[in-house]
Amino acid sequence: KFVIKTIRREEKNCLIRRLLSHYLKYLKTETRSFLSRIYGVYKLNRSHRQAIYILIMENLTHIVNPEAIVKIYDLKGSTVDRRSKKLLTPNHQEEGENLSFSSQPIQKDTDLIRNGDSFDVNAEQREVLLRTLGGDFSFLRECGIMDYSILVTLIDADKFQFSLEDTLLTQTNTGRFFASSPASSVTISRGEQTSPRRLLYNIGVIDFLQIYNKKKKCERLTK
């Protein structure tokens, strides 16, 4: 149900000093927010060594049967350094990568383009997605946060336990689920096209503890 990951001291300070009170207030009013839920941050003191900060947050793919997961995308809206090294080097663990119970590698923006994948939802769902994501992005911008990702998990609906009677599925504790059009095809691996299938998209905003400071401004200019 949870992801445990180490974070830098600067990220811990961002959460506690800048974001926490606003984050809690925002989630109380915006219950359908895509922002991933953070449950705790801890400091691990080590003798004669630098302390480690540990973040506990929800695992957006936990309630899904791992065999139902088709692909996982970590998207930032940029193609600069946005290709999964794990696809090139098996068993490679990238720094800051969010773990899941799925064996699927977490792919990125360039992989999405190379795979030719798209997210096929109807007009009503599109409106909900854009409105909710827009609200989340505005909130993060007001808090001075600029570096975050959208985690999109593509799920085979035939292997999933929820009913698809409603096009827009009800809210759960681990993100939002949206149903694709009745016939959507996805690429299971590079160059391999599957037969049309019904998909679910599980969406969440993750890794939002980076302040838009001078370092990030310089990084943006160089890219």
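Let me begin with helix α4, which gives the most to the lining of the second largest pocket, contributing 4 residues, and I should say at once that we are looking at a predicted model. The pocket itself has a volume of about 280 Å³, and the elements that give two or more residues to its lining are α4, spanning 123-142, together with β6 at 145-156 and β10 at 199-211. If you would like to find the pocket on the screen, the residues that line it are Leu75, Phe119, Val121, Arg126, Leu129, Leu130, Leu133, Ile150, Val152, Tyr201 and Ile203. Sorted by class, that lining comprises 10 nonpolar residues, no polar ones and 1 charged residue.

Now let me stay with α4 and turn to its packing. Helix α1, residues 9-29, packs with α4 at an angle of about 155°, the two axes being 11 Å apart. Because an angle over 145 degrees counts as roughly antiparallel, α1 is described as roughly antiparallel to α4, and the crossing of these two helices is right-handed.

Which residues make the contact? On the α1 side they are Leu19, His22, Tyr23 and Tyr26, and on the α4 side Gly135, Asp136 and Phe139. By class, the residues of this contact between α1 and α4 divide into 4 nonpolar, 2 polar and 1 charged.

Methods: Residues are numbered from 1 along each chain as its sequence is written. This is a predicted model: local features need pLDDT of at least 70, side-chain atom pairs count only at pLDDT 80 or more; totals for chains, interfaces and linings use all residues. Side-chain values use heavy atoms; hydrogens and water are left out. On a 1 Å grid over the protein atoms alone, a cavity is a set of points where a 1.4 Å probe fits but cannot get out, and a pocket is an open set with protein on both sides within 12 Å along at least five of seven lines; lining residues have an atom within 4 Å of a point. Grid points are joined across faces, edges and corners, and a volume is the space filled by probe spheres set on the points. Ala, Val, Leu, Ile, Met, Phe, Trp, Tyr, Cys and Pro count as nonpolar, Asp, Glu, Lys and Arg as charged, and the others, Gly among them, as polar. Axes are lines fitted to C-alpha atoms, for helices over the stretch in contact, and angles run from 0 to 180 degrees between N-to-C directions. Angles under 35 degrees count as roughly parallel, over 145 as roughly antiparallel, 65 to 115 as roughly perpendicular and the rest as oblique. A crossing is left-handed if the near helix is turned anticlockwise from the far one by less than a right angle, and right-handed if clockwise. Contact means heavy atoms within 4.5 Å.
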